[in-house]
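Got your viewer open? Let's take a walk through this one, a few selections at a time.

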Amino acid sequence: MTVHVTIEMDEAVKAKLDAFSSARGRVAGELLVEAAELIAREHDALEAAIVEAEASLAAGKGIPHEEVVARLHARRARWTDAA
């Protein structure tokens with residue numbers, strides 16, 4: 001089912017959206033729908049990742065904070081040494 005939505009938008013943002021969509025040969029509304037769909041997918045993916053991470057921690061599969069920090073420092077050192 002399709003619904004129609006009316007939104008308020010700053011004139012400067014609308015002008016940028018119009019220029020962006022025009023340069024791509026698209027209708028501004030199509031780009032807004034794509035953006036909304038992307039936001040929804042990203043939100044769903046983040047929620048799923050949080051649930052998975054919480055389950056992993058509850059199962060005792062987490063990595064202690066100190067170890068994560070040590071790994072990041074070691075990675076940074078390798079990048080610095082390689083440069």
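Which two side chains meet in a salt bridge at 3.1 Å, N to O? Select glutamate 30 and arginine 26: those are the partners. What you're looking at is a predicted model, so colour by confidence if you like. The chain's mean pLDDT is 95, with 99% of its residues at 70 or more. Helix H1 (residues 11–23) has the highest confidence, at 97, and helix H3 (residues 65–82) the lowest, at a mean of 92.

**Stay on arginine 26.** Add glutamate 34 to the selection. Glutamate 34 also forms a salt bridge with arginine 26, and here the closest N and O atoms are 2.3 Å apart. How exposed are these side chains? Arginine 26 counts as partly exposed because its relative accessibility is 30%. Glutamate 30 is partly exposed too, at 39%, and so is glutamate 34, at 37%.

**Jump to helix H3.** Pick glutamate 67 and arginine 71, whose side chains meet in a salt bridge of 2.7 Å, N to O. The two sit four residues apart in H3, so about one helical turn separates them. In general, an α-helix has 3.6 residues a turn, so residues three or four places apart point the same way. Glutamate 67 is partly exposed, with a relative accessible area of 36%, and arginine 71 is partly exposed at 47%. Back at the earlier stop, shared partners join Arg26, Glu30 and Glu34 into one network of salt bridges. The whole structure holds four salt bridges.

**Now go to serine 21, in helix H1.** Is serine 21 buried or exposed? Its relative accessible area is 4%, so serine 21 is buried. Leaving out residues up to four places away in sequence, it touches Arg26, Val27, Ala28 and Leu31. For a distance check, draw a line to leucine 32: the two are 11 residues apart in sequence and 9.8 Å apart in space, C-alpha to C-alpha.

**Next, phenylalanine 20.** Show its ring and arginine 24 together. Arginine 24 lies over the face of the ring, at 3.5 Å from the ring centre. If you're hunting for aromatic pairs as well, the count is zero.

**Last stop: helix H2.** Select residues 28–58 and put a distance label on the end C-alpha atoms, which are 45 Å apart. That agrees with expectation, because 31 residues at 1.5 Å a residue should span 45 Å. Then step past the helix to glycine 60, which follows H2 and has a positive phi, near 80°.

Notes
Residues numbered from 1 in each chain as written. Heavy atoms only, no water. Phe/Tyr/Trp six-rings, centres within 6.5 Å; stacked < 30°, edge-to-face > 60°. Lys NZ or Arg CZ within 6 Å of the ring centre and 35° of its normal. Expected span 1.5 Å × (residues − 1). pLDDT = per-residue confidence, 0-100. Buried < 20%, exposed > 50% of the residue type's maximum accessible area, 1.4 Å probe, protein only. Contact = heavy atoms within 4.5 Å.
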